[in-house]
Amino acid sequence: MKKNLHPEYRPVVFRDKSADYTFLTRSTRTGSQTIEWTDGRVYPVVDVDVSSASHPFYTGRGRVLDTAGRVERFRQRYGK
């Protein structure tokens, strides 16, 4: 591989604040904040909106969508 071409691949903590869930993995992402992990080391932390702890597919807590309202709005816009 060419030197200085690829970003640094290092341990990073990803945090899902909505589910109060954090996990340590390796990534090229960087964060401006840091967090002290359970092993006593300090790692950069990246906040994510959705993780396996909060995604409806993994948790089984799916959202019910108003499909009847969508159909009615479609019919109002485009006729029959």
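Accessible areas here come from the Shrake-Rupley method with a 1.4 Å probe.

**Figure 1. The whole chain, as a starting point for the close-ups.** This is a predicted model, so let us begin with how far its parts can be trusted. The protein chain has an average pLDDT of 83, and 80% of its residues score at least 70. Strand β3 (residues 33-36) has the highest mean among the elements, 94, while helix α1 (residues 56-59) has the lowest, 62. Where pLDDT is low, the predicted coordinates should not be read in detail. Four strands and two helices make up the secondary structure, and their order from the N terminus is β-β-β-β-α-α. About 7100 Å² of the chain is exposed, with 50% of that area supplied by carbon and sulfur atoms. Of the 80 residues, 16% are buried. Among contacts with a separation of 6 or more, 33% join residues 24 or more positions apart.

**Figure 2. The open, four-stranded sheet.** If you trace the sheet from one side to the other, the strand order is β2-β1-β4-β3, and the pairing is mixed. Strands β2 and β3 are the edges, each pairing on one side only. On average, neighbouring strands are turned by 45° against each other, direction ignored. Strands of a sheet pair through backbone hydrogen bonds, either parallel or antiparallel. Both senses can be found around β1: β1 runs antiparallel to β2 (residues 21-27), whereas its pairing with β4 (residues 42-48) is parallel.

**Figure 3. Strand β1 and its two partners.** Take a moment with β1 (residues 10-16), which is mostly covered: six of its seven residues are buried. Towards β2, seven bridges hold the antiparallel pair together. One register mark to look for here is Arg10, whose bridge partner in β2 is Ser27. Towards β4, four bridges make the parallel pairing. Here Asp16 is a handy guide, since its bridge partner in β4 is Val48.

**Figure 4. The hairpin turn at Asp20, with Asn4 for comparison.** Four residues separate β1 from β2 in this hairpin. Which residue in the turn has a positive phi? The residue is Asp20, with a phi of about 50°. Most residues other than glycine have a negative phi, and most peptide bonds are trans. Asp20, in the loop between β1 and β2, has its positive phi although it is not a glycine. Asp20 has a relative accessible area of 74% and therefore counts as exposed. Asn4, in the segment before β1, is another residue to inspect: its phi is positive too, near 60°. Asn4 counts as exposed because its relative accessibility is 82%.

**Figure 5. Arg15 and its surroundings.** Is Arg15, a residue of strand β1, buried or exposed? Arg15 counts as buried because its relative accessibility is 17%, and the cut-off for buried is under 20%. Leaving aside residues up to four places away in sequence, Arg15 touches Tyr21, Thr22, Gln33, Ile35, Val45, Val46, Asp47 and Val48. One of these neighbours, Asp47, is also its salt-bridge partner, with an N to O distance of 2.7 Å. This pair links distant parts of the chain, with Arg15 in β1 and Asp47 in β4, 32 residues apart.

**Figure 6. A salt-bridge network around Asp47.** Which residues are linked in the network? Arg15, Lys17 and Asp47 are its members. Beside the contact between Asp47 and Arg15, the side chains of Lys17 and Asp47 meet at 4.0 Å, N to O. Lys17 lies in the loop between β1 and β2 and Asp47 in strand β4, so this pair ties together parts that are 30 residues apart in sequence. It is worth comparing how covered the members are: Arg15 is buried at 17% relative accessibility, Asp47 is partly exposed at 37%, and Lys17 is exposed at 57%.

**Figure 7. A salt bridge within helix α2.** A search of the whole structure finds four salt bridges, and this view turns to one between Glu72 and Arg75, 3.8 Å from N to O. Why are Glu72 and Arg75 separated by about one helical turn? They are three residues apart in helix α2 (residues 67-78), and this spacing is the reason. Both partners are partly exposed, Glu72 with a relative accessible area of 43% and Arg75 with 46%.

Notes:
Residues are numbered from 1 along each chain as its sequence is written. Side-chain values use heavy atoms; hydrogens and water are left out. pLDDT is the predictor's confidence in each residue, from 0 to 100. Buried means under 20% relative accessible area, exposed over 50%, partly exposed in between (1.4 Å probe, protein chains only). Two strands pair if DSSP finds at least two bridges between them. Contact means heavy atoms within 4.5 Å. Axes are lines fitted to C-alpha atoms, for helices over the stretch in contact, and angles run from 0 to 180 degrees between N-to-C directions.
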